[in-house]
Amino acid sequence: MRAARAQLEIATQNLANASTDGFRKALARVALTEGGLAVSERQSYEQGAVRTTGRRFDLALLGEGAFRVGEGLTREGAFARDRDGFLVDDRGRRLHGTRGVLRVSEDARIEPEGTVREGGRVVDRIPLPHGTRILAGALETSTVNPIGETLAILTAQRAFETAQKTLLAIDASREKAANDVARVQ
């Protein structure tokens, strides 16, 4: 029952983020252990589809890695320039380059290798893992398939119900055995 519940939680979390840009779904792995079925969770490294927005500071990552914003990391690349010139995400967290918080003019341009240019001058660089590129004017969509996650939820729910019925049958059998033994004596 715990394994079915863990699978259900992973699938519902994925489904809740089906429309979150840059979200990578979690994968449930079920293994038979000495203590019964155990579910572990790991993140998918599948690349999400790219959706063109045309906005200058929307950045899609093509490959591994994440943007450093505030104290965290994210693949959601919907950035906007605030009134002080900092690139911020929808939570107000500032995007970091190699030189610290990234501050740009309205005419700044971000190149595929992460170089940030104003005019012809390089002002900073967004750190990227080897082989990763940035596509400006686009966002990476979620890797969640809503239909697949809905099926995973139904499967987990049925597994939970089956385990529950099995436990009820075992309990009824034990109760009958206890009562029948008492009558014989």
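The charged end of Arg-94 sits over the ring of Phe-86, and the distance to the centre of that ring is 3.8 Å. I should say straight away that this is a predicted model.

Staying with aromatic residues: how many aromatic pairs does the structure hold? The count is 1. The partners are Phe-67 and Phe-79, arranged edge-to-face, with 5.3 Å from centre to centre and 85° between the planes. Phe-67 belongs to strand 5, residues 67-69, while Phe-79 is in the loop between strand 6 (72-74) and strand 7 (80-81), so the pair ties together parts that are 12 residues apart in sequence. Are these two rings' residues, Phe-67 and Phe-79, buried or exposed? Both are buried.

Next, the strands. Strand 1, which covers residues 26-33, pairs with strand 2 in the antiparallel sense, over 8 bridges. The two form a hairpin, with 2 residues between them. To give you the register, Ala-26 is opposite Gln-43 of strand 2, and Leu-27 is opposite Arg-42 of strand 2. As a reminder, strands of a sheet pair through backbone hydrogen bonds, either parallel or antiparallel.

Further along the chain there is an open sheet of 3 strands, in the order 11-12-13, and its pairing is antiparallel. Which are the edge strands? They are strand 11 and strand 13, each of which pairs on one side only.

Take the two pairings in turn. Strand 11, residues 109-110, and strand 12, residues 115-118, are antiparallel and share 2 bridges. Here Arg-109 faces Arg-117 of strand 12 as its opposite residue. The hairpin of strand 11 and strand 12 has 4 residues between the strands, and in it Gly-114 takes a positive phi near 100°.

On the other side, strand 12 is joined to strand 13, residues 121-125, by 4 bridges, and these strands also run antiparallel. Arg-117 turns up again in this pairing, standing opposite Val-122 of strand 13. This hairpin, of strand 12 and strand 13, has 2 residues between the strands, and Gly-119 has a positive phi near 65°.

Just ahead of that sheet in my list is Glu-106, placed in the loop between strand 10 (100-101) and strand 11. Is Glu-106 buried or exposed? Its relative accessible area is 58%, and the cut-off for exposed is over 50%, so Glu-106 counts as exposed. From Glu-106 to Glu-118 the chain runs 12 residues, and their C-alpha atoms are separated by 8.9 Å.

For a second pair of positions, consider Thr-12, which is found in helix 1. Thr-12 has a relative accessible area of 37% and is partly exposed, because that value falls between the limits for buried and exposed, 20% and 50%. The C-alpha atoms of Thr-12 and Ser-105 are 41 Å apart, with the two residues 93 apart along the chain.

That leaves the pockets. On the general idea, rolling a probe the size of a water molecule over the atoms shows where empty space is left.

How much space lies in the largest pocket? The value is about 330 Å³. The lining of this pocket consists of 16 residues, and those nearest its centre are Gly-22, Phe-23, Leu-73, Thr-74 and Arg-75. By type, the lining of the largest pocket divides into 4 nonpolar, 5 polar and 7 charged residues.

The second largest pocket has a volume of about 210 Å³. Its lining is made of 13 residues, with Met-1, Arg-2, Ala-3, Leu-37 and Ala-38 nearest the centre. Which elements each supply at least two residues of that lining? They are helix 1 (2-16), strand 2 (36-43) and helix 2 (146-184). The lining of the second largest pocket has 9 nonpolar residues, 3 polar and 1 charged.

To put those two linings side by side for anyone taking notes, the largest pocket has 7 charged residues in its lining, and the second largest has 1. For nonpolar residues, the largest pocket has 4 and the second largest has 9.

Key
Residues numbered from 1 in each chain as written. Predicted model: local features only at pLDDT ≥ 70, side-chain atom pairs only at ≥ 80, totals over all residues. Heavy atoms only, no water. 1 Å grid on protein atoms, 1.4 Å probe; cavity = no way out; pocket = protein on both sides within 12 Å on 5 of 7 lines; lining within 4 Å. Points joined across faces, edges and corners; volume = space filled by probe spheres on them. Nonpolar A, V, L, I, M, F, W, Y, C, P; charged D, E, K, R; others polar. Phe/Tyr/Trp six-rings, centres within 6.5 Å; stacked < 30°, edge-to-face > 60°. Buried < 20%, exposed > 50% of the residue type's maximum accessible area, 1.4 Å probe, protein only. Lys NZ or Arg CZ within 6 Å of the ring centre and 35° of its normal. Pairing = 2+ DSSP bridges.
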